[in-house]
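This report walks through one protein chain and its ligand, moving from the overall fold to single residues. Keep the sequence and the structure in view while reading.

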Amino acid sequence: MTTILRVESLRKEFRKTGGLLDKWFKRSGTVLYAVDGVTFSLEAGETLGLVGESGCGKSTVSRTLMRLYEPTDGTITFLGQDITSSDEKSLRKVRKYMQMVFQDPYSSLNPRMTVREMLAETIRFHQICSNEQEQNEYIDFLLERVGLHTKDADKYPKAFSGGQRQRIGIARAIAVKPKLLIADEPVSALDVSVQAHILNLLEDLKKEFALSLIFISHDLSVVKYISDRVAVMYLGRIVEIGTTAEIFQQPAHPYTQALLSAVPRLDQVRQETIGLAGDPPSPYMQHAGCPFVTRCPKRMQLCETESPPVYEAGETHRVSCHLMADEGYRPSFS
Ligand code: SF4
Ligand code: MG
């Protein structure tokens with residue numbers, strides 16, 4: 001397998017600027033630790049689900065990967081190239097291969113441009129077609145491929161439903177023939193009936209274009225459906241990562257267990273919901289111990305003072321929790 005993306009110890013801090021963003025800093029402190037040491041890799045053709053409650057840093061990870069935010073620390077290697085601090089010119093070349101699909105397709109579509117104009121803009125910017133006829137044929141191909149009509153090309157975004165707009169957003173993303181698609185809550189704003197269609201479309205395109213996918217969602221059932229592997233985030237960190245089967249059948253981190261216990265399951269008559277008492281600690285402060293300690297039903301004294309290392313619970317399964325030591329697992333160094 002080919003690793004197309006490798007993220008190591010990625011950190012993103014936002015600092016008080018004296019500007020508009022300062023309302024975020026009102027509560028305390030001057031630094032927001034949004035992403036606090038995230039490590040993972042992604043193979044060609046693989047779908048990694050990134051899951052966690054809102055505010056856990058999922059979107060910040062994706063925007064930092066796209067270099068829409070400058071990383072504070074760590075490294076991002078994409079298609080074998082270290083892009084952590086690439087300048088705008090070299091970034092432009094690789095960015096083409098990394099495209100994003102957003103939660104709210106409407107706000108990412110220019111209301112004053114037709115679908116054709118929007119797609120043409122992207123196609124021209126990345127020099128995909130050599131003349132106008134080829135470009136129009138390519139636009140027809142893209143629209144049909146995402147389940148729209150070719151006659152939709154000359155309509156404006158307001159003529160479309162939420163699901164259709166998401167299809168336009170997807171058409172624009174695949175127009176540049178990316179290797180990696182980052183989809184940030186792509187179905188959260190859609191009706192449940194429409195969600196399945198968009199998920200199936202993403203699956204089909206992934207196979208057809210040999211795409212890798214980072215699929216961000218707070219919805220565990222959606223993540224389970226689409227992902228090969230799943231990373232669970234809490235307070236800017238990945239607390240558990242493994243294959244979809246490992247995460248859903250043998251969740252080892254108390255936070256993953258609590259998240260899963262809240263999802264109704266058809267194969268169980270009754271299950272205990274693990275309540276999460278307490279608030280997450282402030283993301284404006286650095287914590288000595290485990291970030292989950294204020295809400296963890298299994299916390300021990302050690303958890304207050306020592307940050308848990310990442311344990312290897314299996315070849316593909318990593319868990320950041322002190323309990324893993326009692327189970328005989330060893331810290332991972334990869
Ligand atoms: Fe809970 Fe401690 Fe494990 Fe953190 S390290 S998840 S507080 S048991
Ligand atoms: Mg988000």
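Helices (H or I, at least four residues) and strands (E, at least two) are DSSP runs, numbered from the N terminus. In this predicted model, the protein chain holds 11 helices and 13 strands.

**Overall form**

The C-alpha trace of the protein chain spans about 70 × 50 × 40 Å along its principal axes. For 334 residues, a compact globule would have a radius of gyration near 20 Å, and the 21 Å of the protein chain agrees with this. Of these 334 residues, 39% count as buried. Among the contacts in the protein chain with a separation of 6 or more, 63% are made by residues 24 or more positions apart.

**Strands and their pairing**

Strands of a sheet pair through backbone hydrogen bonds, either parallel or antiparallel. In this model, 9 strands form an open sheet with mixed pairing, in the order β6-β7-β8-β3-β9-β10-β12-β11-β13. The strands β6 (98-101) and β13 (330-331) stand at its edges, and each has a single partner strand, so one side of each is left without a neighbour in the sheet.

Three of the strand pairs are set out below, each with one pair of residues that stand opposite each other.

| Strand pair | Sense | Bridges | Opposite residues |
|---|---|---|---|
| β6 and β7 (residues 180-184) | parallel | 4 bridges | Met-100 and Ile-182 |
| β1 (residues 3-15) and β4 (residues 73-78) | antiparallel | 5 bridges | Glu-8 and Thr-75 |
| β4 and β5 (residues 81-82) | antiparallel | 2 bridges | Thr-77 and Asp-82 |

The strands β4 and β5 form a hairpin with 2 residues between them, and Leu-79, which lies in the turn, has a positive phi of about 50°.

**The nonpolar cores**

Which residues have the most contacts inside the largest nonpolar core? This core has 74 residues, and those with the most contacts inside it are Leu-50, Leu-119, Ala-171 and Val-232. A second, separate core of 7 residues includes Val-310, Tyr-311, Ala-313 and Cys-321.

When its neighbours within four places in sequence are left aside, Leu-50 is in contact with Lys-58, Val-61, Ile-214, Phe-215, Ile-216, Ala-231 and Met-233. One of these partners, Ala-231, has its place in strand β9 (residues 229-234). Ala-231 counts as buried because it has 25 C-beta neighbours inside 10 Å, where 20 or more are needed. Apart from its neighbours within four places in sequence, Ala-231 is in contact with Phe-40, Leu-48, Leu-50, Ile-238 and Ile-241. Between the C-alpha atoms of Ala-231 and Asp-36, which are 195 residues apart along the chain, the separation is 14 Å.

**Helix α3**

An α-helix has 3.6 residues a turn, so residues three or four places apart point the same way. In helix α3 (residues 115-125), the residues Val-115, Met-118, Leu-119, Ala-120 and Ile-123 are buried, and the buried residues of α3 pack against α4 (132-145) and α5 (162-175). Just after α3, Gln-127 takes a positive phi of about 50°.

**Around the ligand**

Where ligand 1 lies, 14 residues are around it, and those that come nearest are Cys-290, Cys-296, Arg-299, Cys-303 and Cys-321. Cys-321 is also one of the residues of the second core. The shell around ligand 1 divides into 10 nonpolar, 2 polar and 2 charged residues.

How values were computed. Residues are numbered from 1 along each chain as its sequence is written. Chains are lettered from A and ligands numbered from 1 in the order in which they are written. This is a predicted model: local features need pLDDT of at least 70, side-chain atom pairs count only at pLDDT 80 or more; totals for chains, interfaces and linings use all residues. A residue is near a molecule or strand if its C-beta atom, placed from the backbone, lies within 6 Å of it. Ala, Val, Leu, Ile, Met, Phe, Trp, Tyr, Cys and Pro count as nonpolar, Asp, Glu, Lys and Arg as charged, and the others, Gly among them, as polar. A nonpolar core is a set of buried Ala, Val, Leu, Ile, Met, Phe, Trp, Tyr and Cys residues joined through C-beta atoms within 7 Å. A residue is buried if 20 or more other C-beta atoms lie within 10 Å of its own, exposed if 12 or fewer, and partly exposed in between; C-beta atoms are placed from the backbone. Two residues are in contact if their C-beta atoms, placed from the backbone, lie within 7 Å. The radius of gyration is taken over C-alpha atoms; the globule rule is 2.2 Å times the number of residues to the power 0.38. Two strands pair if DSSP finds at least two bridges between them.
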